[in-house]
Each structure stands twice: as structure tokens, then as C-alpha cells.
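Hi,

Here is the structure I promised to pass on. Have a look at it first, and then read my notes underneath.

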Amino acid sequence: MAPLEFQFKLLNIQDSLMRFAQSLTLNKEDAEDLVQETYLKALKNYDKFVYESHLKAWTFTILKNTFINNYRRSRRKVTYDNYPIDHYPDHALTASHADNPHSIFISNELEHTIEKLDDHFKKPLKMHCEGYKYKEIAERLNLNIGTVKSRIFLSREKLIKKIKDYH
């Protein structure tokens, strides 16, 4: 497929990409940014596109993977304690969390319980909560992936037990 034909076909699926992006981001501006980033990646990787493959499926995969990577990256960067209140994400200040003393108490108790865990349990759990995949955690901590899964599971069990103590 010639580059010009490739670009023309990309433009023909813009509406479909936009609808899919809006279903993921739930925000028009973010969806537009996501589609633009998808176009950029598709054009940069034109040489990797196999003509026989389905262009729409290929670009949808790029869009979905870009969304997932951006989401994980944003989860790793956000630490609420370091930001003034006007930098909090909208969902962090909902009434169910900010105004509910029980939720605040449970959240504080969970954080305290996590901090009391041994490092070999605490580190994998915190990394998992920050959005790291099991494989990434295993590589960074130099552990087997089964060990990582086990430690995260056991940490969750301890936290669940702590939550049940407060209900």
C-alpha cells in the first residue's frame, strides 16, 4: 500500500477511532488527543503495517495500547500527598471519600497496615497498586513471578482481614 493510500484510509476511520477513544476516556478533548497520538504512531510505524492485515483493527490496537500505557504512566506519577488540593484528580475528591469519616478512617488504617507489612510483602503490593504488572515487579525486585503473585495475594488477605475487623 502506498503511503498516500495509507493516509487516506487512516482518515476514513477517524470517526470510528474517535468513538472508541471517547468510550475509553469519557472526555472529548482527551479522546481527540488519543486519536492524534494514535495517528502519529500509525504513521511512524507505516513500515511495520502488513497490507493483508486489517488497518482498522491495527489502529484500534494502537489506540487501546496507547490509552493503557498513558493510564499506567499517569497512575505512577500521581502521589496525592505532594500536590496542593487544586491538583487532585476529580475522582479523588468525591463526597464518598472526602466527606465520609468512615472511609477516611479505613483508608488511613489500610495505609498504616500496609506500612507495617514486611518489606518483602510491602514492596510488591505498593508497586502493584501503582500500576506495575507482575512481570515488571518481578524484574525490578529480582523475584520469580510466582513469588510476586503470592506475596501480593497474601498482602491482600491481610488487608481484607483488617477491613473485616472494622465492619
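The protein has 9 helices and 0 strands, so going by the definition of the elements, every entry in the run from the N terminus is an α: α-α-α-α-α-α-α-α-α. Keep in mind that this is a predicted model. Of its 167 residues, 23% count as buried. As for the contacts between residues at least 6 apart in sequence, 58% of them join residues at least 24 apart.

I spent some time on one helix pair, α2 and α3. Helix α2 covers residues 14-25 and helix α3 covers residues 28-44. They pack at an angle of about 125°, and their axes are 8 Å apart. That angle is neither over 145 degrees (roughly antiparallel) nor in the 65 to 115 range (roughly perpendicular), and the two helices are therefore oblique to each other. The crossing of α2 past α3 is right-handed. On the α2 side, the contact is made by Q14, L17, M18, A21, Q22, L24 and T25; α3 brings in K28, D30, A31, E32, L34, V35 and Y39. Sorted by class, that contact has 8 nonpolar residues, along with 3 polar and 3 charged ones.

Next, a residue you may want to click on: T66, which is found in helix α4 (residues 55-77). Is T66 buried or exposed? Its relative accessible area is 2%, and because anything under 20% counts as buried, T66 is buried. Leaving aside residues up to four places away in sequence, T66 touches L34, E37 and K41. With K41 there is also a polar contact, side chain to side chain, at 3.2 Å. L34 may ring a bell, since that residue is also one of those on the α3 side of the contact with α2.

Last stop, the other end of the burial scale. N144 sits in the loop between α8 (134-141) and α9 (145-165). Its relative accessibility is 58%, which is over the 50% cut-off, so N144 counts as exposed. If you want a distance to check on your screen, take N144 and Y134: these two are 10 residues apart in sequence, and their C-alpha atoms are 9.5 Å apart in space.

That's what I have for now. Over to you!

Cheers

Conventions
Residues numbered from 1 in each chain as written. Predicted model: local features only at pLDDT ≥ 70, side-chain atom pairs only at ≥ 80, totals over all residues. Heavy atoms only, no water. Axes fitted to C-alpha atoms, helices over the stretch in contact; angles between N-to-C directions. Helix = DSSP H or I, 4+ residues; strand = E, 2+ residues; numbered from the N terminus. Parallel < 35°, antiparallel > 145°, perpendicular 65-115°, else oblique. Left-handed = near helix turned anticlockwise from the far one by under 90°. Contact = heavy atoms within 4.5 Å. Nonpolar A, V, L, I, M, F, W, Y, C, P; charged D, E, K, R; others polar. Buried < 20%, exposed > 50% of the residue type's maximum accessible area, 1.4 Å probe, protein only. Polar contact = N/O pair within 3.5 Å; in protein donor to acceptor, adjacent residues only side chain to side chain.
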